Amino acid sequence: MPDAPSTDFYAAFVKSGPGSFLASRLGLPQPPVLRRYQAGKPALAGPVLLGGKGRLVEPVRELLADYDLVVNNGGARGAEKLGGAVFDATGITSIDELVGLYEFFGPQIRSLGNSARLVVLGTTPELIEDIDEHIVQRALEGFTRSVAKELRDGATAQLVYVHPDAATGASGLASTLRFLLSGKSAYVDAQVIRITDKDATAPADWDKPLAGKVALVTGAARGIGATIAEVLSRDGAHVIAADIPAAGEALSAVANKVGGTALPLDVTAEDAGKKVAELVKSRHSGLDIVVNNAGITRDKLLANMDEGRWNSVMAVNLKAPKQLVDDLLAEDALNEGGAVVDVSSIAGIAGNRGQTNYGATKAGVIGIVDAYTPVLAEKNITINAVAPGFIETAMTAAIPLATRQAGRLMNSLQQGGQTVDVAETISYFASPASAAVTGNVVRVCGQSLLGA
Ligand code: NAD
């Protein structure tokens with residue numbers, strides 16, 4: 001997948017010979033080149049160290065049988081840079097045992113290669129009855145988020161909480177581990193993902209996890225939406241690319257490129273859901289994946305904001321994604337085993353000056369995920385959201401230079417993300433292999449310093 005055209009002249013400069021020399025002399029940030037997914041290439045650049053003494057270490061060894069796993073990094077392989085390190089912390093039940101994190105990860109930090117992946121596995125704290133165990137499992141979050149801030153060269157750290165009653169074999173964990181232990185999660189850093197106790201079936205081919213699925217992507221004519229259409233199609237889905245009628249040729253171009261269907265559709269129209277339902281029922285056997293990506297900004301300080309700006313942002317960003325799911329359910333057009341993925345924003349988590357309307361809608365989207373998780377679970381449908389940070393698009397290219405540069409650098413990876421980073425996260429959520437992944441909000445922001 002080609003990267004979006006970047007206006008990051010700073011990154012280009014510090015990667016040049018004289019620029020790199022100057023940046024290191026002046027102590028300026030030198031953004032690392034992130035390793036991203038390429039079909040046919042190994043998921044990671046080096047072996048994965050597996051450790052810990054919990055209930056998941058053996059299942060994980062089986063789930064990752066095709067990875068180059070090592071159990072200790074001493075001896076002959078000591079000089080080799082690690083592609084990743086996975087630590088099963090589910091066996092930690094007392095404060096004293098937390099030292100296991102220190103003992104496992106500490107010696108490895110200097111052996112990590114470019115874009116290496118650290119993954120901590122824990123038990124979902126809210127579901128633990130024992131007080132000490134609850135406390136120490138919660139502690140894993142602070143460890144993970146802090147070590148992520150210390151990593152260099154594109155390396156990231158994530159925490160995965162697994163339901164205490166996860167089925168033997170922990171099949172629901174596989175898609176998450178494969179997403180995190182690959183270039184698909186290049187711009188996802190310091191995130192916490194919760195896995196339910198549901199089983200999940202591995203796809204016939206991990207490179208085509210969406211084979212046979214029909215996906216709707218709104219706002220697909222350009223930007224992040226166009227890349228979502230490309231990635232879902234690459235992963236095997238038939239994509240219905242929807243955008244406002246005025247998007248015309250750009251929308252057709254995206255649909256043609258991915259061998260999908262172009263659907264001119266204003267998501268705020270009263271009959272939007274009905275139109276989608278008619279299409280998927282007449283041409284397909286229903287819809288499997290809904291990606292509510294269409295979104296707008298109408299920024300103004302609250303004191304200067306006219307009601308039109310407020311209302312239009314509410315209509316596109318919050319009312320439409322809820323209404324679409326309601327209508328598709330009412331029309332019985334959303335298939336069992338399906339997935340809804342909504343696009344939030346870090347502005348909905350941290351807040352942003354000049355974006356009271358937008359921030360409210362993007363936090364509301366997280367509310368949609370929370371509220372619909374149990375409702376959709378009854379039909380075996382998952383719902384999750386991505387919250388992008390600074391992504392290189394036409395939208396962010398329009399931000400004044402100084403603000404744009406600050407936005408880019410204020411995260412642990414010291415750069416903006418690519419549209420493909422958001423799209424990969426969405427495809428991971430959309431996969432039937434992620435049947436045990438619901439109710440999550442994953443930020444695709446390189447551990448932005450804005451917000452948690
Ligand atoms: P973009 O403006 O480039 O693309 C948005 C698309 O949505 C456009 O093609 C537009 O025509 C379409 N759209 C707008 N109103 C519509 C409607 N009523 N019906 C159907 N389509 C409609 O924006 P983008 O940067 O690609 O953003 C995509 C999503 O990601 C948005 O929800 C945005 O809020 C979110 N987001 C973006 C960033 C970023 O850095 N670019 C950061 C956080 C969140």
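**Exercise 1: Helix 8**

Start with A250, which sits in helix 8; work out which residues of helix 8 are buried and which part of the structure covers them.

Before the solution, some ground rules. This is a predicted model, in which local features need pLDDT of at least 70 and side-chain atom pairs count only at pLDDT 80 or more, while totals for chains, interfaces and linings use all residues. Residues are numbered from 1 along each chain as its sequence is written, and side-chain values use heavy atoms, with hydrogens and water left out.

*Solution.*

Step 1. Find the helix: helix 8 spans residues 248-257. Helices (H or I, at least four residues) and strands (E, at least two) are DSSP runs, numbered from the N terminus.

Step 2. Check A250 itself. A250 is partly exposed, with a relative accessible area of 37%. Here buried means under 20% relative accessible area, exposed over 50%, and partly exposed in between (1.4 Å probe, protein chains only).

Step 3. Pick out the buried residues: L251, V254 and A255. Looking down the axis of helix 8, you'd see these buried residues within an arc of 95°, so they line one face of the helix. That arc is taken from the directions from the helix axis to the C-beta atoms.

Step 4. Turn to the face pointing away from the buried side, where the exposed residues E249, N256 and K257 are carried.

Step 5. Look for the cover. Helix 7 (223-234), strand 8 (238-243) and strand 9 (261-264) are among what covers the buried residues of helix 8. Contact means heavy atoms within 4.5 Å.

Step 6. Go just past the end of helix 8, and you meet G259 with a positive phi of about 65°.

**Exercise 2: The ligand**

Describe the shell around the ligand: which residues come nearest, and what kinds of residue make up the shell?

*Solution.*

Step 1. There are 25 residues around the ligand, and R222, I224, D243, N293 and Y358 come nearest. A residue counts as near if one of its heavy atoms lies within 4 Å of the molecule or strand in question.

Step 2. Sort the shell by type: 12 nonpolar, 9 polar and 4 charged. For this sorting, Ala, Val, Leu, Ile, Met, Phe, Trp, Tyr, Cys and Pro count as nonpolar, Asp, Glu, Lys and Arg as charged, and the others, Gly among them, as polar.

Step 3. See where the shell comes from. Helix 7, helix 12 (356-377) and helix 13 (394-397) each supply at least two of its residues.

Step 4. Look at the polar atoms. R222 has a polar side-chain atom 2.7 Å from an oxygen atom of the ligand. For Y358, a polar side-chain atom lies 2.5 Å from a ligand oxygen atom, and for K362 the distance is 2.9 Å.

Step 5. Finish with the area: taken alone the ligand exposes 830 Å², and the protein buries 93% of that.

**Exercise 3: Two residues with a positive phi**

Where do S115 and A170 lie, and are they buried or exposed?

*Solution.*

Step 1. Recall the background: most residues other than glycine have a negative phi.

Step 2. Take S115, whose phi is near 55°, a positive value in a residue other than glycine. S115 lies in strand 4 (residues 112-123) and counts as buried at 4% relative accessibility.

Step 3. Take A170, which isn't a glycine either, yet has a positive phi of about 45°. A170 is in the loop between strand 5 (156-162) and helix 6 (174-180), and is buried, with a relative accessible area of 4%.

**Exercise 4: Two buried residues and their neighbours**

What do T176 and I381 touch, leaving aside residues up to four places away in sequence?

*Solution.*

Step 1. T176 is found in helix 6 and counts as buried at 0% relative accessibility.

Step 2. T176 is in contact with V160, I193, I195, Y428 and V437, not counting its neighbours within four places in sequence.

Step 3. With Y428 there's also a polar contact, side chain to side chain, at 2.8 Å. A polar contact is a pair of N or O atoms within 3.5 Å; within protein, one must be able to donate a hydrogen and the other to accept it, and residues adjacent in sequence count only if both atoms are side-chain atoms.

Step 4. I381 belongs to the loop between helix 12 and strand 12 (382-388), and is buried with a relative accessible area of 1%.

Step 5. With residues up to four places away set aside, I381 touches L334, N335, G337, G338, A339, V340, L376 and T438.

How values were computed: Accessible areas come from the Shrake-Rupley method with a 1.4 Å probe; for residues, only the protein chains shown count as cover.
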